[in-house]
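Work through the following exercises on the empty space in a protein model. Each one sets a task and then solves it step by step.

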Amino acid sequence: MKMLINVPETVVADALRGLAAAHPELTVDVENRVIVRRDAPVAGQVGLVSGGGSGHEPLHGGFVGPGMLSAACPGEVFTSPVPDQMLRAAAAVDSGAGVLFIVKNYTGDVLNFDMAAEMAEDEGIQVAKVLVNDDVAVTDSLYTAGRRGTGATLFVEKIAGAAAAEGMPLERVEAIARQVNEGSRSFGIALSACSTPAKGSPTFDLPPGELELGIGIHGEPGRERRAMMTSGEIAEAAVEAVVEDLQPRNPVLVLVNGMGATPLLELYGFNAEVHRVLAQRGVPVARVLVGNYVTSLDMAGASLTLCQVDDELLRLYDAPVKTPGLRWGV
């Protein structure tokens, strides 16, 4: 596989140097692998910290900035960051109002953020944690006990970030983040496997005429493989999986997310089919986001996330945000 890199061993460091050059509003510690908004800590505001393996960009580093994350900790590709990174990030963003860790449900992330929270508490930093586990495809997977954390991470980080920007206390920001996670469900589809820089070839075998329903963001196995389907048929399968589990009573936020190698032309077409199926099921749509936000390197495919919202959550979602990967209202 051809990749636009120097050598696999420096791919994360090189990307961080490029992020720093493009976004002077961020403080990027390449050596210690921590990305912090330059004005942190912000007086009176809860700090939001997330992180995970690299390869899912713009998640998480691309979501650092006003109205979203205070800091992010990138690990090596598809590898959890370590507790020292998380502790460093927490110390950098703590204004005295406390820090919320937003953790995708992968075993390494959970263990390391738990350890970092204990270390931070020992240093006098108040920490709360919210686990994101929105993927309806499978219950247990290659890297996970329980449901995987995927596209809902964006909604949790955006809405909780807006709550923190309004000066809400840690307990309230945590409660809002939990509400968003509990009201979100996701389902992913792979049309091709991804290739990690270290391996240099596809991480699993997916024959040309097949797709995988319920794929994870690291290429973990999904529910089943089928012969290639149309965009409309894939939308019907994804919406059914998500809506049957979520049973939404309120309007929903819709995230049609590319996995990294699917053109926007195809994603917008898929979005049209998703809306057709949601309308048939009587599910009202409040807001829509289409693009590459929670990716899996160069995987072709998409994921669908629905998040049901009340008036307060919708107001917080609409609040201004200014990050490299998400920006409106500023």
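**Exercise 1.** Which element gives the largest share of the lining of the largest pocket?

*Solution.* The model is predicted: local features need pLDDT of at least 70, side-chain atom pairs count only at pLDDT 80 or more, and totals for chains, interfaces and linings use all residues. Residues are numbered from 1 along each chain as its sequence is written, and side-chain values use heavy atoms, with hydrogens and water left out.

Step 1. Fix the terms. On a 1 Å grid over the protein atoms alone, a pocket is an open set of points with protein on both sides within 12 Å along at least five of seven lines, a cavity is a set where a 1.4 Å probe fits but cannot get out, and lining residues have an atom within 4 Å of a point. Helices (H or I, at least four residues) and strands (E, at least two) are DSSP runs, numbered from the N terminus.

Step 2. List the contributors. α1 (11–22), β3 (47–54) and β4 (71–77) each supply at least two lining residues.

Step 3. Pick the largest share: α1, with 6 residues.

**Exercise 2.** Describe the size, lining and location of the largest pocket.

*Solution.* Step 1. The largest pocket holds about 680 Å³ of space, where a volume is the space filled by probe spheres set on grid points joined across faces, edges and corners.

Step 2. Its lining has 34 residues, and V11, A15, S54, G55 and E57 lie nearest the centre.

Step 3. Sorted by class, the lining has 18 nonpolar, 12 polar and 4 charged residues. Here Ala, Val, Leu, Ile, Met, Phe, Trp, Tyr, Cys and Pro count as nonpolar, Asp, Glu, Lys and Arg as charged, and the others, Gly among them, as polar.

Step 4. The largest pocket lies between domain 1 (8–183) and domain 2 (184–317), because both give residues to its lining. The domain bounds come from an automatic or database assignment.

**Exercise 3.** What volume does the second largest pocket have, and which residues lie nearest its centre?

*Solution.* Step 1. The volume is about 280 Å³.

Step 2. Of 19 lining residues, V77, F78, Y143, T196 and T203 lie nearest the centre.

Step 3. The classes are 10 nonpolar, 4 polar and 5 charged.

**Exercise 4.** Why does the largest cavity lie between the two domains?

*Solution.* Step 1. There are 3 cavities of 30 Å³ or more, and the largest has a volume of about 70 Å³.

Step 2. Its lining includes D135, T150, S186, F187 and N257. Strand β7 (residues 184–190) gives the most, with 3 residues.

Step 3. Domain 1 and domain 2 both give residues to this lining, so the cavity lies between them.
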